[in-house]
Amino acid sequence: MRKSGYRSLLTALLGSAALSFGALAQDTGATSEPGVEIYLPAAFAEFLPQNANDMVRRLPGFQVDEGDQVRGLSGAQGNVLINGRRLPPRSGSLNTRLSTMRVEDVERFELIEAGARDIDMQGYPLLLNIVLRDQTARRFNGRMEIEPREDGGDEVQLAFGGSTTGGSVELEGNFELYDEALLAYSDVRQSNADTPTARFSTDRHTTTSRRDAQGSATIPMGEGRSLVLSAAYAGRANSQRPTEEEIASGAALQERSESDSTETSFGLEYTSPLGEALDLHAVVTRQDGEQESSASLIDAGSIGRFSSGEETSETATRATVRWRISDVWALEAGGTWALNTLDGAFSATIDGVLQDIDGSNASVEETRTAGLAVLSWTPRPDVSANFGGRVEQFTLNSSNAPGELSLTDVVPRADVSWTMENDWVLRVSAEREVGQLGLGQFLAETNLDNSLNTSGAATLEPERSWTYRAELERRFGERGLVRLQAQRREIENPISRILTTEGDVIPANIGPETIDTLEGVFEFDLGRFGMPGLFIDGLAVLRQSERIDPLQGFVRETSGHQDHTFEIGLRQEFADGKYVLGFEIEDDAPATHYWLTQIRRQVRGLEARVNGEWRHSDSWRTGFWLRLPETQRDEIYIFDGVRTGNMSPVLRNTIERDTGAFLSLWTEFEVRDGVHLRLNVRTGRSREASTQVLDINGTELDYASIDQDNVPSFNLRLRWNR
């Protein structure tokens, strides 16, 4: 009844909103091209955008999806085009690329409906095409940022990038560096069956380091042909260790961890017309990665350690031919092949005893081959449909299991888009999906906090599911949107951890799961109703899910499921946009997490944020960002070992956290054309936390609390885009 009530309430609210604002459709000028909405950079001038990314984030009802960069077989390369083309594969972050585009270089944004143009939508209902001005230019952009903190920690960021366009070869590249060192203060830590007392982590030195580099070269070859070469590098390093004071005090709980990883990738993309109505598109990518990690935990005299190392590779190819049969029909067909590998080793000791775990050494090879075809039908400018799919062959070889696993799947997909009266758009789709295996599941692991070993999977099948979606949307003007979406996802064989008859914990495919979602989104300019400068946007999501718990057999929702999420934002401009005040509030339903040795119910309070801005001039602005105090309560039911059958919990651990307000004050001015200096003072957040440990009958066994003051910081940033 409660979930049905939520649905009724949401339907009534969004239905009323749609009727109330339906009249706005009469004020909207139709675009010159059916199925394509045009947004000019001038529409975002009030936000003082610094780059294309600032404007894209303001497009009503659109979110950037970077795609999977051709990993495996789906080949989705994101939902953003630049001058009609997607970014080269393995060329780095799309958000990074958008952040390097100057506002002056953008001519317009085009939101393209399925069927509106002869474009491979790759399953997306909506694509964004960013049209840049034609010019021969060299661009250089960068950012330097430093943030010292009151407790001695600091953060340093450097970024440099550039591009050349309009010549015989177009080049683009960027490099980013991020280093952070901080003091993580002690915090509440959950109890366990072996330690039924109030627990705290120690003060810890933590460091984080990132290095990212991307580059691409586009070589026009004449007659519509082009070759794109791209490469990327990503390096990560993290460490954590107790402070010298904690070590000297002999703290009962001391934790250390280190991890290092590198990833290099390369891509090649070739495009060529094969005739007046045929186009060839081919992609080859390669990615290699290495990762090493280690950790140790000293807890009340017990010592646990682990170390692991992994080498991974991904190779994928995709070649398709698109045939424009007529103005009504188009056919895309081709093939894909992917090879993913993992070689890893893991070892752990508990109190000096080496753990004997299946899958401590793993070698896995996954091969996927597919033939695909999609037929596009556009009988009228207001109707489009796509029908097709792929036939996929999956092969898995694992050192954890004898023999070879070989499977064949038929993966169909169909979607229909219809632009109705007053520009309401109805989209309906059904799609079969075959997921991608995380090969790390074949390597063993140990949880040092509870000494629980998980064996590497002997064999796994990719998750298979059906997704059904219906969406109704209306856009009007530059700031108007109403969207309703209903979706059902039926997963036939989700992957979870189970307990075998031999007493081993292992990843495995389990029984079916369904997830239902009802979502409503709106964004309105209330100036049309006599409230100039007032804007409102909101989101409402209702969810329902169901699966069988693989450990104890009862029917439950998905782990982490939330019945609802509500968000609403208000933005008021004064004095023709010289002053701006905004308010955002978010409410999430409680979430229950079902883990191996515990069931955790998490309740969050309302989240509220306030922001304001004063625009002194076109080159100088000042503002603030305030996050109001928040609370979180965790009710943790702890079991003595892995949950099984009719087992009952032995402890209840209640953890409460209260975080204080966070305030950021900033000012930014343009010191010269295209060069901006930003000064920012941040208060940090105070924290109060408590932990109460009770036995299953409610008798208190222990209680403790802890307070931490906030850590103010000063941030200085210089950025340029020239």
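Let's start at R483, which has a relative accessibility of 13% and therefore counts as buried, since the cut-off is under 20%. Keep in mind as you look around that this is a predicted model. The side chain of R483 meets that of E473 in a salt bridge, at 2.6 Å from N to O. R483 belongs to strand β24 (residues 480–491) and E473 to strand β23 (residues 464–476), so the pair, ten residues apart, links distant parts of the chain. E473 is buried too, with a relative accessible area of 2%.

Now move along to another buried pair. E586 forms a salt bridge with R609, and their closest N and O atoms are 3.8 Å apart. Here E586 sits in strand β32 (residues 579–588) and R609 in strand β35 (residues 607–617), 23 residues apart, and again the pair links distant parts of the chain. Both E586 and R609 are buried. These two residues also have company: salt bridges with shared partners join E584, E586, R604, E607, R609, R627, E630 and R685 into one network.

In general, side chains of opposite charge can pair when their charged atoms come close. In this model, the count comes to 57 salt bridges. One of them is formed by D279 and R324, with the closest N and O atoms 2.3 Å apart. D279 lies in strand β13 (residues 278–299), while R324 is in the loop between β14 (302–323) and β15, so this bridge ties together parts that are 45 residues apart in sequence. Unlike the residues of the two earlier pairs, which are buried, D279 is partly exposed, with a relative accessible area of 25%, and R324 is partly exposed at 27%.

Strand β15 (residues 329–350) brings us to W329. This tryptophan has 34% relative accessibility, so it counts as partly exposed. W329 joins W323, I325, W377, F387 and V416 in a nonpolar patch on the surface, and together they have about 540 Å² of accessible area.

Finally, turn to the second largest pocket, which has a volume of about 820 Å³. Which residues lie nearest its centre? They are N83, R97, L132, T165 and E170, out of 37 residues that line the pocket. Several elements each supply at least two residues of the lining: α3 (94–99), β5 (137–148), β6 (154–165), β7 (170–184), β10 (204–222) and β11 (225–242). By residue type, the lining divides into nine nonpolar, 17 polar and eleven charged residues.

Terms used:
Residues numbered from 1 in each chain as written. Predicted model: local features only at pLDDT ≥ 70, side-chain atom pairs only at ≥ 80, totals over all residues. Heavy atoms only, no water. Patch = residues over 30% accessible without salt bridge, like charges linked within 9 Å, V, L, I, M, F, W, Y side chains within 5 Å. Areas by Shrake-Rupley, 256 points an atom, 1.4 Å probe, with all protein chains shown as cover. Salt bridge = Lys/Arg side-chain N within 4 Å of Asp/Glu carboxyl O. Helix = DSSP H or I, 4+ residues; strand = E, 2+ residues; numbered from the N terminus. Buried < 20%, exposed > 50% of the residue type's maximum accessible area, 1.4 Å probe, protein only. 1 Å grid on protein atoms, 1.4 Å probe; cavity = no way out; pocket = protein on both sides within 12 Å on 5 of 7 lines; lining within 4 Å. Points joined across faces, edges and corners; volume = space filled by probe spheres on them. Nonpolar A, V, L, I, M, F, W, Y, C, P; charged D, E, K, R; others polar.
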